[in-house]
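Okay, thanks everyone for coming. I'd like to walk you through one structure today, so please have a look at the screen.

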Amino acid sequence: MISRRRFMQATAAGLAASGLYRKVLAAAAPRPNIILIVADDLGIGELGCYGQKRIRTPNIDRMAAEGLRFTQAYCGTSVCAPSRCALLTGLHMGHAPIRANREVQPEGQKPLPPGMLTVAGLLKQAGYATACIGKWGLGMFDTTGSPLNNGFDHFFGYNCQRHAHSYFPKYLYRDERRFDLDGRTYAQDLIASETLDWVKANRDRPFFLFYAITLPHGKYEIPSTEPYSRENWPEIEKIYAAMITRLDSDVGRLMQQVKDLGLDERTLVLFTSDNGPAENNGGHTTEFFDSNGPYRGTKRTLYEGGLRVPMIARWPQRVPAGRTSDAVWAFWDILPTCAELAGVPVPQAANIDGVSVVPALLGGPGPQREYLYWELHEGRTQQAVRFGDYKAVKDSPSAAVEIYDLERDVTESHDIASERPDLVKRAVALMSAARIDSPDWPMRERRPATRPATRKA
Ligand SMILES: [Ca+2]
Ligand SMILES: [Ca+2]
């Protein structure tokens, strides 16, 4: 068993460089506001700044031009709830309490267990105002998984992922209180307004906003297909593109609000997506807009198309403008990164997997570590590990390990496992060292092909 501590040790050179960037940060007091915008099922190929040609995303593209665009950032895993669990807790899928979407009736998902450290809880302790606006998916309000039991002062939107499939819902929640809607109101209208109001109300104190925007996931619904109404595309693709452009314009409104309130230079904004693009459904195809860009796979796979997500950071005067970074990092690094920005230590007892990427945000190197690990329990258990530029994928516990060299083969087209038994051996050892067994998430083989796969949330 390889010690986790050793994985986190930086090289001497890396430490020296990180120290330099940390001095820059220390000079940058006071503590920044943090806005974390997480789109739902937005593919890395769906933004102009990542190569999209037809869907318009001018506001997010401007954010990238004014900030730092990461090319090798990863989500927690390739479906909603566990990916957000990694983001909030600093734990990767080998240790996270939530490792799949698991529905609870009549509403909600399997709750976070009691006593979890979350990024919101840590920042709240440090004096930040905290809100989650959009979608939750980690436990109803009467459970230990309620956002209000996990560090958020304020919640607005959908608690349940299934409920969030509808953009014209019959109700939403403000904190734990349900309020009724007429079923004709586009929920994103209310959610977008709530973000603007909340930022304004909290302008005078440091704040942390987790803006879990639901577009473009769920049912494909939008009041108008402008600016694509006259395109010669299938109607479903006009709707899909319009949802992404709507996501973009609401990000733009929020950025404008931050600017208008004079908060630009003390607010770090991170924009990302919780997993790769959803598979083909309802007539929509990932091929139409090349939603996964050059990568293989989609949501529910552990290939790069499922895991590699857009990640843009903007913080004028601190984060360099108009640059890209190939620093390799992942959602479980968000908690320690925000903790460092807020000047609050991460309790050792939480035993998190993430490391702070503050040096990378400020234009320096990414963290040095031995590996990144993912697993996913959708029917069978899939596993993946990235070590250096090598990536190993295992489709089920009994499946052969596939090995790809991402530096030469970013499309994961050429499995080199048969040529490199040494890498197979290493990947197997890392996959084993990276995880602890959980009775909630047993390792499962593929079910017989006669049973249709679950396609939910
Ligand atoms: Ca998602
Ligand atoms: Ca593609």
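I'll go through the metal sites, then a couple of residues around them, and then a sheet.

One thing up front: what you see is a predicted model.

Let's start with the calcium ion called ligand 1. Which protein atoms hold it? The donors are Asp40 (OD), Asp41 (OD), Cys80 (SG), Asp274 (OD), Asp274 (OD) and Asn275 (OD1). They lie 2.2 to 2.6 Å from the ion. And yes, Asp274 is in there twice. Along the chain, the spacing of these donors reads D-D-x38-C-x193-D-N. Take Asp40 and Asn275: they are 235 residues apart, so this pair links distant parts of the chain. Asp40 is in the loop between strand S1 (33–39) and helix H3 (58–65), while Asn275 is in the loop between strand S8 (267–273) and helix H8 (304–307). Both of those residues are buried.

Now, why is the arrangement called irregular? The angles subtended by the six donor atoms around ligand 1 run from 53 to 160°, and that makes it irregular. For an octahedral label, opposite donors would have to be over 155 degrees apart and all the others between 65 and 115.

Next, the second calcium ion, ligand 2. Its protein donors are Asp290 (OD), Asn292 (OD1) and Gly293 (O), at 2.2 to 2.4 Å. The spacing here is D-x1-N-G. Are Asn292 and Gly293 buried or exposed? Asn292 has 13% relative accessibility, so it counts as buried. Gly293 comes in at 15%, so that one counts as buried too.

Back to Asp40 for a moment, and to Lys135. Lys135 lies in strand S3, residues 129–135. Its relative accessible area is 1%, so Lys135 is buried. The side chains of Lys135 and Asp40 are joined by a polar contact of 2.5 Å. Setting aside neighbours within four places in sequence, Lys135 is also in contact with Cys80, which is one of the donors to ligand 1. Other contacts of Lys135 include Arg84, Tyr158, Gln161, Thr214 and His217.

Then there's Ser78. Where does Ser78 lie? It is in the loop between strand S2 (68–74) and helix H4 (80–89). Its relative accessibility is 0%, so it counts as buried. Beyond residues up to four places away in sequence, Ser78 touches several others, among them Asn275, Lys299, Leu302 and Leu376. Asn275 is a name you've heard already, as a donor to ligand 1. The side chain of Ser78 also makes polar contacts with backbone atoms: a polar atom of that side chain lies 3.0 Å from the backbone nitrogen of Arg300, and the side chain reaches the backbone oxygen of Thr301 at 2.8 Å.

Last stop, the sheet. Four strands form an open sheet in the order S11-S12-S13-S14, with antiparallel pairing. The edges are strand S11 (372–378) and strand S14 (401–405), each pairing on one side only. On average, neighbouring strands in this sheet are turned by 15° against each other, direction ignored. S11 and strand S12 (residues 380–387) pair over seven bridges, and the bridge partner of Glu375 is Gln383 in S12. Finally, helix H11 (residues 421–433) packs on the sheet and touches S11, S12, strand S13 (390–394) and S14. The direction of H11 makes about 115° with that of S12.

That's my tour, thanks for listening.

How values were computed:
Residues are numbered from 1 along each chain as its sequence is written. Chains are lettered from A and ligands numbered from 1 in the order in which they are written. This is a predicted model: local features need pLDDT of at least 70, side-chain atom pairs count only at pLDDT 80 or more; totals for chains, interfaces and linings use all residues. Side-chain values use heavy atoms; hydrogens and water are left out. Donors are N, O and S atoms within 2.8 Å of the metal (3.2 Å for Na, K and Ca); water is not among the atoms, so sites may look incomplete. Four donors count as tetrahedral if all angles lie between 85 and 135 degrees; four count as square planar and six as octahedral if opposite donors are over 155 degrees apart and all others between 65 and 115; anything else is irregular. Helices (H or I, at least four residues) and strands (E, at least two) are DSSP runs, numbered from the N terminus. Buried means under 20% relative accessible area, exposed over 50%, partly exposed in between (1.4 Å probe, protein chains only). Two strands pair if DSSP finds at least two bridges between them. Axes are lines fitted to C-alpha atoms, for helices over the stretch in contact, and angles run from 0 to 180 degrees between N-to-C directions. Contact means heavy atoms within 4.5 Å. A polar contact is a pair of N or O atoms within 3.5 Å; within protein, one must be able to donate a hydrogen and the other to accept it, and residues adjacent in sequence count only if both atoms are side-chain atoms.
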